[in-house]
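Biologist: Please take one part of this protein and examine it closely, residue by residue where that is possible. I should like a connected account that also places the part within the whole chain.

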Amino acid sequence: AVTSPAAMGQTLDEALRQAIQNNPQLDVQRADAAIAEEQLKEARGQRRPTVTLSGGGGVQSIESGNAFAAGGENSLASAQLEASLPIYTGGRVASGIRQAEAGINASQAGLDGATQDLILDVITSYADVLRDRETISIRENSVNLLSEQVRAASDRFDVGVVTRTDVAQAEARLEGANASLAGAQAQLEASEALFAFLVGSEPGPLAALPDAGAM
């Protein structure tokens, strides 16, 4: 029989990709990196030539001194093209470029750091959900087993094989198992809530963790 990926549940790689794609903190870091790139382009543009084109136009009225001649109009137009190239800026342009490059490095470092932190958090959360689900399975089995023991002790007490103390001890062990199960369920709820916060969706069936060498 071949098990399909859907039957195996969500893998760790899929959870990581989804978290990296949807995490709002990383979106902020990406936006900061994009702004830093634009600032570098602007800084480098300060040492490029600047070209300015200006123009104007109008109409000039012409009046005739002859009483029998009609006046007229002339169309006027002008254009001016100016080009300037900074020769010496006192280091202002070079300093601006260095500052923009430092901003890019800082924003990229921030993005890389936030990504690595997110990856670690998702891996930990993924493992916690698997652990807590397994813990609940163990606790439930323990509760079922102890419930059977309580019933068996009660039946034996009815026929006089065991004492009331034996029944009370079995019931106490069952109560402790139920308390442990409730604690495990609360822990799972917390782990699943953190997973949903990091990844962006509630954890469904999860595949087993890959071997350490494959991560």
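Modeller: The account below concerns helix H2, its surroundings and the helix against which it packs. The model is a predicted one, and the whole chain is described before the part.

The protein chain contains five helices and two strands. Read from the N terminus, the order of the elements is α-α-α-β-β-α-α. The chain has 215 residues, of which 23% count as buried. Its accessible surface is about 14600 Å², and carbon and sulfur atoms account for 53% of that area. When contacts between residues at least 6 apart in sequence are considered, 76% of them join residues at least 24 apart.

Helix H2 spans residues 12-22. Its buried residues are Leu12, Ala15, Leu16 and Ala19. Viewed down the axis of H2, these buried residues fall within an arc of 100°, and they therefore line one face of the helix. The general geometry of such an element accounts for this kind of spacing: an α-helix has 3.6 residues a turn, so residues three or four places apart point the same way. Arg17 and Gln21 lie on the other side of H2, and both are exposed.

The partner of H2 in this packing is helix H5, which covers residues 164-199. The axes of the two helices are 7 Å apart and make an angle of about 55°. H2 and H5 are therefore oblique to each other. In terms of residues, H2 contributes Ala15, Gln18, Ala19 and Asn22 to the contact, while H5 contributes Phe195, Leu198 and Val199. By class, the residues of this contact comprise five nonpolar, two polar and no charged. Ala15 and Ala19 thus appear in two roles, as they belong to the buried residues of H2 and also meet H5.

The chain continues from H2 into a loop, in which Asn23 is found, and this loop leads to helix H3 (24-45). Asn23 has a relative accessible area of 11% and is buried, since the limit for that class is under 20%. When residues up to four places away in sequence are not counted, Asn23 touches Leu118 and Leu198. Leu198 is also one of the residues of H5 that meet H2. A further link in space is given by Asn23 and Phe197, whose C-alpha atoms are 8.9 Å apart although 174 residues separate them in sequence.

At the start of H2, Leu12 has a counterpart from the far part of the sequence. The C-alpha atoms of Leu12 and Ala208 are 8.2 Å apart, with a separation of 196 residues in sequence. Ala208 is found in the segment after H5. Leu12 is among the buried residues of H2, whereas Ala208 is exposed, with a relative accessible area of 65%.

Helix H5 also has contacts elsewhere along its length, and two of its residues illustrate them. Ser191 is found in H5 and counts as buried at 6% relative accessibility. Apart from its neighbours within four places in sequence, Ser191 is in contact with Ser125, Asp128, Val129, Arg131 and Asp132. Ala177 is likewise found in H5 and counts as buried at 9% relative accessibility. With its neighbours within four places in sequence left aside, Ala177 is in contact with Ser142, Val143 and Leu146. Ala177 and Asn141 are 36 residues apart in sequence, and the distance between their C-alpha atoms is 9.6 Å.

One residue of helix H4 completes the description. Helix H4 covers residues 92-158 and includes Glu101. Glu101 is partly exposed, its relative accessible area being 33%. The C-alpha atoms of Glu101 and Glu37 are 8.3 Å apart, while the two residues are 64 residues apart in sequence.

To return to the part requested, H2 has a buried face, has exposed residues on its other side, and packs obliquely against H5.

Methods
Residues are numbered from 1 along each chain as its sequence is written. This is a predicted model: local features need pLDDT of at least 70, side-chain atom pairs count only at pLDDT 80 or more; totals for chains, interfaces and linings use all residues. Side-chain values use heavy atoms; hydrogens and water are left out. Helices (H or I, at least four residues) and strands (E, at least two) are DSSP runs, numbered from the N terminus. Buried means under 20% relative accessible area, exposed over 50%, partly exposed in between (1.4 Å probe, protein chains only). Contact means heavy atoms within 4.5 Å. Accessible areas come from the Shrake-Rupley method with a 1.4 Å probe; for residues, only the protein chains shown count as cover. Axes are lines fitted to C-alpha atoms, for helices over the stretch in contact, and angles run from 0 to 180 degrees between N-to-C directions. Angles under 35 degrees count as roughly parallel, over 145 as roughly antiparallel, 65 to 115 as roughly perpendicular and the rest as oblique. Ala, Val, Leu, Ile, Met, Phe, Trp, Tyr, Cys and Pro count as nonpolar, Asp, Glu, Lys and Arg as charged, and the others, Gly among them, as polar. The arc is that of the directions from the helix axis to the C-beta atoms.
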